[in-house]
Amino acid sequence: MSVVVDGLEGLRVPEELSARVPAEQRGPGRGRDDVRLLVSRGEAVSHHAFRELPALLRAGDVLVVNTSPTLAAAVDGRLGPDPGGEPVVVHFSTRGDDGRWAVELRSPEPSGSTRPRAGGPAGAVVRLPGGGRLALAGPLTPGSGRLWWARAYGDVPGLLGRYGRPIRYGYTERDQPLSAYQTVFVRPSPDGGGSAEMPSAGRPFTAGLVAELAARGVWIAPLSLHTGVASAEAHEPPYPERFEVPAATAALVNAARATGGRVIAVGTTVVRALESAAVAGPVGAGASARAGRGWTDLVVTPARGVRVVDGLLTGLHEPEASHLLMLEAVAGRAALRSAYAAAVRDRYLWHEFGDVHLLLPEEKGHRARCGSNSG
């Protein structure tokens, strides 16, 4: 999918703005919530510390969060039947209803990260630690060889628990424990499922911040969407992913909308799940949330719009990322241009350990503030 957002085509994010380690490792006494928060209301932007989030929301607002746990989804393997086969790193992405797994094979780097490689070939066997193996069947999507369906022989959740590690890309400095990729909202899945990559918008939240939000009358509603492996280099749209919107969450969202509260999605995954389960209706009128579960291949674009989401808390995305279409659908093109120009100018940090961006509905009379309030 080609992403076209006027004003972002030439935007360059300097390499030094990649967050290489979690916030709590950047200095003594720092915590997960020691990240910056860029706030957009239309074209107006303001700069905050993430800890200021409760003061930016109102009683009756609902934060909808993703409770999916992050899996240790990267496992070393060897391609082919011989002990000296090509070394590969297998990224386990998504388990299908038929028991097969969508996987990505990548080449290991001496630094501990990985680089892309051609997928396949069909019929090849990947040998895994502990005697497990994969048999590659074919590409997940015709014409794209990045993710392949594979039949796994052996207990995959057990394999990941014993030999897996979190997926890591080259912009990070070193491996991190799995705990660094879990959010405060995580709830174990009964079937052992989870996300190949962290639903990272929820990472800066702490138990103390959640308590403060509750004290201010902000509701927190859970759902789950198990994210697959992102296309860190190709910026493809997301593949089908499994989701569940509980009835209680749908009811809370609808109650908030009926009483003037705002529905703020914590992460693009939450937007995808809520909008996938929403009752079809005119954009911005007559639509309502509903309970639902299953698979979604929804790609939220400006043409499609959003029906039940009023705002979005998310990370900063690369200028070519397909997620930017969703941000434009939520906030509009002008807001996105203004926010990303400010993020580069004021040296916000990108990626899953980086700073965050809150897109709120434009309020009449709100004026942009210059500089940084804090953080």
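## A first look at this predicted model

G138 stands opposite W149 in β10. This is a predicted model, and that pair is a handy place to start a tour. From there we can visit the neighbouring strands, a helix, an open sheet of nine strands and two nonpolar cores, one of 45 residues and another of 30.

**Strands β8, β9 and β10**

- Strands β9 and β10 run antiparallel to each other and are paired over seven bridges.
- β9 (residues 133–141) is also joined to β8 (residues 125–127), again in the antiparallel sense, by three bridges.
- Within that pairing, V126 has L134 of β9 as its bridge partner.
- Five residues separate the strands in the hairpin of β8 and β9, where G130 adopts a positive phi near 75°.

**Helix α2**

- Helix α2 spans residues 156–163, and its buried residues are V156, G158, L159 and L160.
- These buried residues pack against four strands: β4 (74–79), β5 (86–95), β6 (101–108) and β10 (144–153).
- At the N-terminal end of α2, D155 acts as a cap, with a side-chain oxygen 3.2 Å from the backbone nitrogen of G158.

**The open sheet of nine strands**

- Reading across this sheet, the order is β2-β1-β16-β15-β13-β3-β11-β12-β14, and the pairing is mixed.
- Its edges are formed by β2 (44–49) and β14 (292–296), each of which pairs on one side only.
- On average, neighbouring strands here are turned by 20° against each other, ignoring direction.
- Inside the sheet, β13 (residues 263–266) and β15 (residues 311–315) are parallel partners over three bridges, and A265 sits opposite L312 of β15.
- Helix α6 (residues 323–331) lies across β15 and β16 (356–360), at about 150° to β15.

**The nonpolar cores**

- The largest nonpolar core contains 45 residues, and V64, V245, V271, L274, Y340 and W350 have the most contacts inside it.
- Strands and helices both contribute: β3 (62–66), β11 (219–225), β12 (241–245), α4 (247–258), β13, α5 (268–277), α6 and α7 (333–345) each supply at least two residues.
- Helix α7 gives the most to this core, with six residues.
- Leaving aside residues up to four places away in sequence, V64 touches A221, L223, T249, V253, V263, I264, A265, V266, V270 and L274.
- Another core, of 30 residues, lies apart from the largest one, and L79, L105, L128 and L136 are among its members.

Technical notes: Residues are numbered from 1 along each chain as its sequence is written. This is a predicted model: local features need pLDDT of at least 70, side-chain atom pairs count only at pLDDT 80 or more; totals for chains, interfaces and linings use all residues. Side-chain values use heavy atoms; hydrogens and water are left out. Buried means under 20% relative accessible area, exposed over 50%, partly exposed in between (1.4 Å probe, protein chains only). Contact means heavy atoms within 4.5 Å. A polar contact is a pair of N or O atoms within 3.5 Å; within protein, one must be able to donate a hydrogen and the other to accept it, and residues adjacent in sequence count only if both atoms are side-chain atoms. Two strands pair if DSSP finds at least two bridges between them. Axes are lines fitted to C-alpha atoms, for helices over the stretch in contact, and angles run from 0 to 180 degrees between N-to-C directions. A nonpolar core is a set of buried Ala, Val, Leu, Ile, Met, Phe, Trp, Tyr and Cys residues joined through side-chain atoms within 4.5 Å.
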